[in-house]
Amino acid sequence: MYATVLQGSRPVVDVAVRPTAPVAEVPVGLSGEDVATAARLDRAFRRMGYQLDAIRVGSAEVPPLFLTQVPHDIDDMPDSDSRKELFLRVMLPLVLAANEEIAEDRARLQALLARKASRQSLTHPDQVWLKALAERYEVEDGDMSRLLARVDIVPPSLALAQAAEETGWGTSRLVRRSRNLFGHTADSASDETGMRQFGSLQDAVRAYLLNLNTHRAYDGLRRARMKARTKGHPVDGHQLADALKAYSERGEAYVGTIRSLIRRNDLVALDNARLGRVLPVRLASAGFAR
C-alpha cells in the first residue's frame, strides 16, 4: 500500500498495485552498452527503426522494450527535439503495456457482466477475481457500472504529456533518483524528500493510471471517458485533460500546459500506437537480442 500525493494540493489516494515480477535492468533486445547513455540508446533505437513518425501514421509497431529508468544523461543530448524524441520512445512502450493490462481486465469484466445479465452463474474463480478487481479499484458496494467506468485505459497522449511535464522531459533529479514519473509522494519514504520511490518506470506508470482511475478528484475524467465510450467516440487525451484541474495547484493553467504539450508534440497521433510482440527484424539480425 502507498499513499499518492501529486505536487501542491493534489489529491491523496491509497491504492494497491498488483504484484509484478522483477524487471531486468537491461531489456531483452538491448545490451548494457546500449542503455549506458542517452546517445547510445538513441543510436540503438535508430538501428532497429524505432521512430515515432512511422508509429504516428500507423506503419510501424512500438517495440516491446521496457527500460527500468530514464537515461541518466538525457539532458546532455545536443538539442531539445532529440531529448523529447528519446523520452517519448522510452515512455511509449511502458504506457501501452500498462494500458493493455487494464484492457484485458476490462474485457474480462465485460464478459462477466454479460453473463450475469443473462442470469448465468459465475464460477468461483471468476467471483474471486471480480472481488479482487473491485477492491483494487475501490468499488466495494457491488456497483458494477461504477467499476466498469474505472477499469479503463488512459490515452497515451495524456500520460506522455503529464510525464513530460512532471519530469522536464526526463531531466529531473526525481525521475533519475526514484524513477518517479508523475510527482508521487508517500506518507513514508526512504529519504528526506518524501517522494515515492519506484522499482521501475513501469511501476510508476501503473501507479499513475490507478490513481486517475480511482481517486474521487478524477470522477470528471472517468465520466467524460465513459461518455465517449457510450457514443462510440475514441478516448481523446486532449479532451480528457480538462478534468485534471485537481492534479495541480495551478488548476486551469496546468490543464493548458498539458493540452499545449499534446498539441505541439502531436501526441494524439500516438493514441492508436500498437505494442509489438516481437523485436524488430533489424534488431534481432544485428545480434542484439539475448
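Hi everyone, let's start with one pair of helices: H6 and H11 are roughly perpendicular to each other, because angles of 65 to 115 degrees count that way and their axes cross at roughly 115°. Please keep in mind throughout that this is a predicted model.

Let me stay with that pair for a moment. H6 covers residues 156-167, and H11 covers residues 252-264. Their axes come within 9 Å, and H6 passes H11 in a right-handed crossing. If you want to find the contact on your screen, look on the H6 side for Ser157, Leu158, Ala161, Gln162, Glu165 and Glu166. Facing them from H11 are Tyr254, Thr257, Ile258, Leu261 and Ile262. By class, that contact holds six nonpolar, three polar and two charged residues.

Now, what does H6 do with helix H3? H3 spans residues 80-117, and the axes of H3 and H6 come within 10 Å and cross at roughly 130°. These two are therefore oblique to each other, and H3 passes H6 in a right-handed crossing. From H3, the contact uses Phe87, Leu88, Met91, Leu92, Val95, Leu96 and Asn99. From H6 come Pro156, Ala159, Leu160, Ala163, Ala164 and Thr167. And the chemistry here? There are 11 nonpolar residues, two polar ones and no charged ones in the contact of H3 with H6.

H3 has another partner to show you, helix H8, residues 201-214. Here the angle is about 50°, with the axes 9 Å apart, and that makes H3 oblique to H8. The crossing is right-handed. Among the H3 residues in this contact are Val90, Leu94, Ala98 and Ile102, while H8 brings in Leu201, Gln202, Val205, Arg206, Leu209 and Asn213. The contact of H3 with H8 divides into 10 nonpolar, three polar and two charged residues.

Let me finish with the largest pocket, which has a volume of about 350 Å³. Which residues lie nearest its centre? They are Ile153, Pro156, Asp271, Asn272 and Ala273, out of 17 residues in the lining. You have met Pro156 already, as one of the H6 residues touching H3. H3 itself turns up again too, as it gives the largest share of the lining, four residues. Sorted by class, the pocket lining has 10 nonpolar, two polar and five charged residues.

That's my tour, and thanks for listening!

Methods: Residues are numbered from 1 along each chain as its sequence is written. This is a predicted model: local features need pLDDT of at least 70, side-chain atom pairs count only at pLDDT 80 or more; totals for chains, interfaces and linings use all residues. Side-chain values use heavy atoms; hydrogens and water are left out. On a 1 Å grid over the protein atoms alone, a cavity is a set of points where a 1.4 Å probe fits but cannot get out, and a pocket is an open set with protein on both sides within 12 Å along at least five of seven lines; lining residues have an atom within 4 Å of a point. Grid points are joined across faces, edges and corners, and a volume is the space filled by probe spheres set on the points. Ala, Val, Leu, Ile, Met, Phe, Trp, Tyr, Cys and Pro count as nonpolar, Asp, Glu, Lys and Arg as charged, and the others, Gly among them, as polar. Axes are lines fitted to C-alpha atoms, for helices over the stretch in contact, and angles run from 0 to 180 degrees between N-to-C directions. Angles under 35 degrees count as roughly parallel, over 145 as roughly antiparallel, 65 to 115 as roughly perpendicular and the rest as oblique. A crossing is left-handed if the near helix is turned anticlockwise from the far one by less than a right angle, and right-handed if clockwise. Contact means heavy atoms within 4.5 Å.
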